[in-house]
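Reader: I'm new to this structure and would like a close look at just one part of it. Could you take me through the main core and what surrounds it?

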Amino acid sequence: MTTSPTRPLPAVQLRVPTHEDAHAWHGVFDDPDVMEFLGGPAELSSYVEITARQRMHDAQLGYCLWTLLDEDGGVLGFTGAQPWPREKEWGPVGEIEIGWRLGRSAWGRGYAYAAALATLERVREAGVPRVVAMIDDANARSIAVAERLGMTLAERFLLPSGTRHGRRYELTLTQP
């Protein structure tokens, strides 16, 4: 187990999301604070679509946004990687984005970092050479995780809303 200077990291489990996980994700993310940088809470139908897409990503690519489970099998949120959507009119099209989203009960306990480490290990094994993380400038918790992973700030940019800024972090996983 990787440790921090202050405590060992919690054990995490990652699994390909099931249809039932759409309900679990909706439950842990139905919180304005959790969704502060993502436009607010979403409808259940959104999570049904996302979990189905992640099952397809896993089957086709060998990675996805996995359901993040605690040591007892409780759903904490998700972590993983996926291609940046080509239909978006902004962002790192063609890149593989890593990310994490945890319910409030998991905040401040080391789960995001532990899950991000597990994600990096899995995407390396899948042969992904480089990843990015797109983070709202005001999201100090996610910025801290990206920087702790050794990601470097590549760009600061105006988000499509025109009122906030974002950051693109990068990390090379394999040697050229």
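Author: Sure, let's start in the middle. The largest nonpolar core holds 33 residues, and Ile98, Trp100, Val131, Leu149 and Met151 have the most contacts inside it. Keep in mind that this is a predicted model. Two or more residues of this core come from each of these elements: strands S2 (65-69), S3 (75-83), S4 (96-102), S5 (130-136) and S7 (165-172), plus helices H3 (111-125) and H4 (140-148). H3 gives the most, with eight residues. There's also another core lying apart from this one, made of nine residues, among them Phe29, Tyr47, Leu65 and Phe78.

Val131 is a handy place to look around from. Leaving out residues up to four places away in sequence, Val131 touches Ile96, Ile98, Leu120, Val123, Met151, Tyr169, Glu170, Leu171 and Leu173.

Now for the two helices. In H3, the buried residues are Tyr111, Ala112, Tyr113, Ala114, Ala115, Ala116, Thr119, Leu120 and Val123. With 15 residues at 1.5 Å each, H3 should span 21 Å, and its end C-alpha atoms are indeed 21 Å apart. After H3 comes Gly127, which has a positive phi near 90°.

H4 has its own set of buried residues: Ser142, Ile143, Val145 and Ala146. Looking down the axis of H4, you'd find these buried residues within an arc of 160°, so they line one face of the helix. Their cover includes S4, H3, S5 and S7. Just after H4 sits Gly150, again with a positive phi, of about 90°.

S7 deserves a look of its own. Strand S6 (residues 152-158) pairs with S7 in the antiparallel sense, over six bridges. One of the pairings puts Phe157 opposite its bridge partner in S7, Gly166. Six residues sit between the strands of this hairpin, and in it Gly162 takes a positive phi near 80°.

Past S7, in the segment that follows, you'll find Thr174. Thr174 is partly exposed, at a relative accessible area of 33%. Not counting residues up to four places away in sequence, Thr174 touches Val128 and Pro129. As for Phe78 from the other core, it is 96 residues from Thr174 in sequence and 24 Å away in space, C-alpha to C-alpha.

Let's finish with the charged side chains. Side chains of opposite charge can pair when their charged atoms come close. The count here comes to 11 salt bridges. In one of them, Asp136 and Arg164 meet at 3.0 Å, N to O. Asp136 is in strand S5 and Arg164 in the loop between S6 and S7, so this pair ties together parts 28 residues apart in sequence. Asp136 counts as buried, at 10% relative accessibility, while Arg164 counts as partly exposed, at 32%.

Over in S7 (165-172), Glu170 forms a salt bridge with Arg168, with 2.2 Å between the closest N and O atoms. Arg168 is buried, its relative accessible area being 15%. Through shared partners, salt bridges join Glu95, Arg130, Glu155, Arg168 and Glu170 into one network.

A further pair is Asp33 with Arg104, whose closest N and O atoms are 2.5 Å apart. Asp33 lies in the loop between helix H1 (19-29) and helix H2 (44-61), and Arg104 in the loop between S4 and H3, so parts 71 residues apart in sequence are tied together. Asp33 is partly exposed at 34% relative accessibility, and Arg104 is partly exposed with a relative accessible area of 40%.

Methods:
Residues numbered from 1 in each chain as written. Predicted model: local features only at pLDDT ≥ 70, side-chain atom pairs only at ≥ 80, totals over all residues. Heavy atoms only, no water. Core = buried A, V, L, I, M, F, W, Y, C linked by side-chain atoms within 4.5 Å. Buried < 20%, exposed > 50% of the residue type's maximum accessible area, 1.4 Å probe, protein only. Helix = DSSP H or I, 4+ residues; strand = E, 2+ residues; numbered from the N terminus. Contact = heavy atoms within 4.5 Å. Pairing = 2+ DSSP bridges. Expected span 1.5 Å × (residues − 1). Arc of directions from axis to C-beta. Salt bridge = Lys/Arg side-chain N within 4 Å of Asp/Glu carboxyl O.
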